[in-house]
Amino acid sequence: MLRFLPCLYAFIACASFCYIFQVRKPRFIFLCSLNGAISWLVYLLTDFLPVEAARYFLATIAVSALAEILARALKAPATIFLVIGIIPLVPGGGLYYTMDYLISGDFAMFTAKGLQTAAAAGAIAAGASMVTSLVRMLTWRKQAHAQS
Amino acid sequence: MKIEKTEHFLNFCCEMGRHLVQSGAEIYRVEDSITRLMHAYGYTDIEVFAIPSCIILNIMHEDHNYTKSIRIRSSAIALDKLDKLNNLCRRVCRETPDIDTCFAQLREITSAPLYSELVSYLAHGFVAVFFTLFWGGTALDAVIAFASGLAVKFANTTLGRMNTNIFFTNVCSSMLMASVPLALQYLGLNIHIDMIIIGAIMLLVPGIAITNVMRDMIAGDFLTAMSKLTEVLIISLALAIGIALPMGAARMFLGVM
């Protein structure tokens, strides 16, 4: 159970972020934070995967899909849920340790950590854009049907 | 002199676009919303172009060209405003009220109150606290992270008021943020500097921009994607410099690890 404690922390941290990014509806604040907690839950549950970037990729896909579903259900822009939900996945730690190795002059570790961080960022970006393009493809077809 | 209807409408579209960009909408959404607005009011021969710093609109109506371009300077993510603008845009497209009503409703949204400074300070503090715990910090680390979070907010507000550039703001914010745990460790507290800094740095890391860059690129807005990518790189560089300076200095001169 202790293993999932970070999800709770992520939930509260995301809720605080809602106040920084001016989300005002209580229902939105709850759902955004829940999205953030779920993103980390997916990351934790996929620990059987050997590549870290793959875990980030799957977690981002889950968050983006949820954000799009919530957006459709609540008739609000998906960005709102995505922006907050993705925050726990942002590789802040990677950026820090990369820089830490740089000041200590450990260039082997600096390169390794730097590339790992870049891979994580790339995986997040790829996951988010995959879902977005898929959703746009589907909604475009729906609009085309409505017009014909 | 009575303002012409098409020009009045063009002004409304521009203001709508400006506020959408400023509250953090994707460029895809901005262009899409304005196009829908124009179609709803019966203008078919139109051009809409938007990038994060500029919007150019053109309506051709009865052999007249109506063009307006605006420069957008500052933007701050305000998701509640974005949601309301999106709703207004849908409603206007559906009901096509007269332009004065639209302007009145737009003004109502843009003048809605934001969270107070106190709430914002507390939120910055709590983000730092819970991300420190999230990355595995102890309770004492979390308490100090609260101070670091407040430092970030303080630096951002103060420098924002002085109208400094994004690079300098981020260097200063991260420097101040990293100095808090470094100073306390020098004074003899047993804390994990890395956990505290990682927790507080989440306030500054351009994570949203990273995801938006790819989303813009997929939508075909390459100019937008490039300008945001530059922003991401500049901010990351600023954060690295801002943390490296106090940490390097502390290690060299004070022997803090």
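Which hand, left or right, does the crossing of helix 3 of chain A and helix 4 of chain A have? The crossing is right-handed. The legends below describe a predicted model.

**Figure 1. Helix 3 and helix 4 of chain A at their crossing.** Helix 3 of chain A covers residues 52-74, and helix 4 of chain A covers residues 78-85. Two packed helices are described by the angle between their axes and the distance between the axes. Here the angle is about 145°, and the axes are 8 Å apart. Helix 3 of chain A brings Val63(A), Ser64(A), Ala67(A), Glu68(A), Leu70(A), Ala71(A) and Leu74(A) to the contact. From helix 4 of chain A come Ala78(A), Phe81(A), Leu82(A) and Gly85(A). By type, the residues of this contact are 8 nonpolar, 2 polar and 1 charged.

**Figure 2. Chain A as a whole, the setting for the first view.** Chain A has 6 helices and 0 strands, giving the pattern α-α-α-α-α-α along the sequence. The C-alpha trace of chain A spans about 65 × 35 × 30 Å along its principal axes. Chain A has 148 residues, of which 49% count as buried. Taking contacts in chain A between residues at least 6 apart in sequence, 63% join residues at least 24 apart.

**Figure 3. Two loop residues with positive phi, Gln22(A) and Glu62(B).** Most residues other than glycine have a negative phi. Gln22(A) is not a glycine, yet its phi is positive, about 60°. The loop that holds Gln22(A) runs between helix 1 (5-20) and helix 2 (26-45) of chain A. Gln22(A) counts as buried because its relative accessibility is 13%, and the cut-off for buried is under 20%. Glu62(B), also not a glycine, has a positive phi of about 50°. Glu62(B) sits in the loop between strand 2 (54-61) and strand 3 (64-71) of chain B. With a relative accessible area of 66%, Glu62(B) is exposed.

**Figure 4. The interface of chain B with chain A.** On the chain B side 50 residues make contact, and on the chain A side 50 residues do. The two chains bury about 4,700 Å² between them, with 72% of that area on carbon and sulfur atoms. Tyr115(B), Phe134(B) and Arg215(B) are the residues of chain B that lose the most area to chain A. Together these three account for 17% of what the chain B side buries.

**Figure 5. Helix 6 of chain B and its surroundings.** Helix 6 of chain B has 23 residues, which should span 33 Å at 1.5 Å a residue; the end C-alpha atoms are 34 Å apart, which agrees. The buried residues of helix 6 of chain B include Asp141(B), Ala145(B), Ser148(B), Val152(B), Lys153(B) and Leu159(B). The buried residues of this helix pack against helix 5 (117-134), helix 7 (166-186) and helix 8 (193-201) of chain B. After helix 6 of chain B comes Asn163(B), with a positive phi near 65°.

**Figure 6. Phe146(B) in helix 6 of chain B.** Phe146(B) belongs to helix 6 (residues 139-161) of chain B. Phe146(B) is partly exposed, with a relative accessible area of 23%. Leaving out residues up to four places away in sequence, Phe146(B) touches Leu122(B), Gly125(B), Phe126(B) and Val129(B). From Phe146(B) to Asp98(B) there are 48 residues in sequence and 49 Å in space, C-alpha to C-alpha.

**Figure 7. Helix 9 of chain B and its buried residues.** Helix 9 of chain B is largely enclosed by the rest of the structure, because 9 of its 12 residues are buried. The buried residues are Gly207(B), Ile208(B), Ala209(B), Ile210(B), Thr211(B), Asn212(B), Val213(B), Arg215(B) and Asp216(B). Arg215(B) is also one of the residues named for the area they lose to chain A. The 12 residues of helix 9 of chain B (residues 207-218) should span 16 Å at 1.5 Å a residue, and the end C-alpha atoms are 18 Å apart, which agrees. Just after this helix, Gly220(B) has a positive phi of about 90°.

**Figure 8. Helix 10 of chain B and the glycine after it.** Helix 10 of chain B (residues 222-254) has 33 residues. From first C-alpha to last, helix 10 of chain B reaches 47 Å, close to the 48 Å expected at 1.5 Å a residue. Gly255(B), just after helix 10 of chain B, takes a positive phi of about 75°.

Notes. Residues are numbered from 1 along each chain as its sequence is written. Chains are lettered from A and ligands numbered from 1 in the order in which they are written. This is a predicted model: local features need pLDDT of at least 70, side-chain atom pairs count only at pLDDT 80 or more; totals for chains, interfaces and linings use all residues. Side-chain values use heavy atoms; hydrogens and water are left out. Axes are lines fitted to C-alpha atoms, for helices over the stretch in contact, and angles run from 0 to 180 degrees between N-to-C directions. Helices (H or I, at least four residues) and strands (E, at least two) are DSSP runs, numbered from the N terminus. A crossing is left-handed if the near helix is turned anticlockwise from the far one by less than a right angle, and right-handed if clockwise. Contact means heavy atoms within 4.5 Å. Ala, Val, Leu, Ile, Met, Phe, Trp, Tyr, Cys and Pro count as nonpolar, Asp, Glu, Lys and Arg as charged, and the others, Gly among them, as polar. The expected span of a helix is 1.5 Å times one less than its number of residues. Buried means under 20% relative accessible area, exposed over 50%, partly exposed in between (1.4 Å probe, protein chains only). Buried area is the accessible area (1.4 Å probe) that two parts lose on being put together, summed over both.
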